[in-house]
Amino acid sequence: MDTDYAIYQLRSELWQVLLADWKSDMATVKYWGMVGFIVITYAVWYLLTDKRRLVDLLLYGSLIAVMRELLDLFGVTSGLWIYKIRILPLSPSVLLMDWTIVPLIYMLVQQYSPNWRQFFVWNTLGTGMIAGVILPVLSALDILQLMRWNYMYAFIGMYVSATLARAAFHLVVQVQNAACEGKISPLETTLMQPAFKPLDKSGSEDDE
């Protein structure tokens with residue numbers, strides 16, 4: 001049997017299971033409690049966030065969300081952990097952790113970290129809250145179950161992801177600032193300079 005078709009059949013069966021389980025979850029108080037928690041979390045984040053830096057914070061939060069979703073996809077697919085209650089009929093259940101709790105917390109970490117030294121402190125506190133408080137609570141409420149994973153691994157994975165996201169964010173900002181000022185961006189300096197010779201403006205004017 002063709003491997004791709006076999007995977008397709010398994011995914012079709014999985015979708016039917018997820019859909020049936022999701023319909024069952026929607027009839028529970030726990031499900032609507034999660035929905036209410038997500039709404040409240042976004043409202044609190046909006047009150048605490050610095051609106052003057054909203055675009056920058058959302059960019060950083062988006063980088064965090066992408067990294068977290070990739071980590072979650074790997075973890076669920078490889079059987080490291082499972083979600084037992086899902087807001088949407090998806091596996092992994094991205095809405096609660098990947099799109100709400102994790103990026104919102106780290107956007108506040110980024111907001112209160114004007115330099116790398118303070119970021120390492122706030123990152124430790126934020127990641128400690130997620131790995132040491134939120135994940136155990138979700139496990140106790142039977143929303144999330146760790147299978148071949150533990151809270152220390154979760155701490156390390158999210159701490160590294162937040163650090164990499166901050167480095168990527170500042171690189172993007174440097175490229176943007178260099179473009180606005182008409183300077184060579186860091187990417188051009190490190191990647192393009194060896195391959196491209198700077199344009200000789202005087203020679204170009206003579207050719208004209």
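**Exercise 1. The largest cavity**

Which helices and which strand each supply at least two residues of the lining of the largest cavity? Determine also the volume of this cavity and the classes of its lining residues.

*Solution.* The structure is a predicted model.

Step 1. The largest cavity encloses about 90 Å³ of space. Its lining consists of Arg68, Leu71, Trp81, Leu135, Leu144, Leu146, Trp149, Tyr153, Ala154 and Met158.

Step 2. Assign these residues to elements. At least two lining residues come from each of helix 3 (54-77), strand 2 (144-146) and helix 6 (151-181). Helix 6 gives the most, with three residues.

Step 3. Sort the lining by class. Nine of its residues are nonpolar, none is polar and one is charged.

**Exercise 2. The second largest cavity**

Describe the second largest cavity by its volume, its lining and the element that gives the largest share of that lining.

*Solution.*

Step 1. The count of cavities of 30 Å³ or more comes to two. The volume of the second largest is about 50 Å³.

Step 2. The residues around the second largest cavity are Ile64, Met67, Arg68, Leu71, Val102, Tyr106, Met158, Ser161 and Ala162. Two or more of them are given by each of helix 3, helix 4 and helix 6. The largest share, four residues, belongs to helix 3.

Step 3. By class, this lining comprises seven nonpolar residues, one polar and one charged.

Step 4. Compare the two linings. Arg68, Leu71 and Met158 line the largest cavity, and Arg68, Leu71 and Met158 also line the second largest.

**Exercise 3. The largest pocket**

State which residues lie closest to the centre of the largest pocket and which elements give two or more residues to its lining.

*Solution.*

Step 1. The largest pocket has a volume of about 360 Å³. It is lined by 16 residues, and those closest to its centre are Leu48, Leu104, Ile105, Leu108 and Met129.

Step 2. Helix 2 (29-48), helix 4 (97-111) and helix 5 (116-140) each give two or more residues to the lining of the pocket.

Step 3. The lining holds 14 nonpolar residues and two polar ones, with no charged residue.

**Exercise 4. The faces of helix 2**

Test the length of helix 2 against the expected span, and establish how its buried residues are arranged around the axis.

*Solution.*

Step 1. Helix 2 has 20 residues, which at 1.5 Å a residue should span 28 Å; the end C-alpha atoms lie 28 Å apart, so the two values agree.

Step 2. Tyr31, Met34, Ile38, Thr41 and Trp45 are the buried residues of helix 2. Viewed down the helix axis, the buried residues fall within an arc of 75° and therefore line one face of the helix.

Step 3. Turn to the other side of helix 2, where Val29, Val39, Ile40 and Leu47 are exposed.

Step 4. Identify the cover over the buried residues of helix 2: it includes helix 1 (3-25), helix 3 and helix 4.

**Exercise 5. The surroundings of helix 3**

Name the buried residues of helix 3 and the elements against which they pack.

*Solution.*

Step 1. The 24 residues of helix 3 reach 34 Å from the first C-alpha to the last, close to the 34 Å expected at 1.5 Å a residue.

Step 2. Buried in helix 3 are Leu57, Tyr60, Gly61, Ile64, Ala65, Arg68, Asp72, Gly75 and Val76. These buried residues pack against strand 1 (81-83), helix 4, helix 5 and helix 6.

Step 3. Relate burial to the cavities. Arg68, which is buried, lines the largest cavity and the second largest; Ile64, also buried, lines the second largest cavity.

Step 4. Examine the end of the element. Just after helix 3, Gly79 adopts a positive phi of about 80°.

Key: Residues are numbered from 1 along each chain as its sequence is written. This is a predicted model: local features need pLDDT of at least 70, side-chain atom pairs count only at pLDDT 80 or more; totals for chains, interfaces and linings use all residues. Side-chain values use heavy atoms; hydrogens and water are left out. On a 1 Å grid over the protein atoms alone, a cavity is a set of points where a 1.4 Å probe fits but cannot get out, and a pocket is an open set with protein on both sides within 12 Å along at least five of seven lines; lining residues have an atom within 4 Å of a point. Grid points are joined across faces, edges and corners, and a volume is the space filled by probe spheres set on the points. Ala, Val, Leu, Ile, Met, Phe, Trp, Tyr, Cys and Pro count as nonpolar, Asp, Glu, Lys and Arg as charged, and the others, Gly among them, as polar. The expected span of a helix is 1.5 Å times one less than its number of residues. Buried means under 20% relative accessible area, exposed over 50%, partly exposed in between (1.4 Å probe, protein chains only). The arc is that of the directions from the helix axis to the C-beta atoms. Contact means heavy atoms within 4.5 Å.
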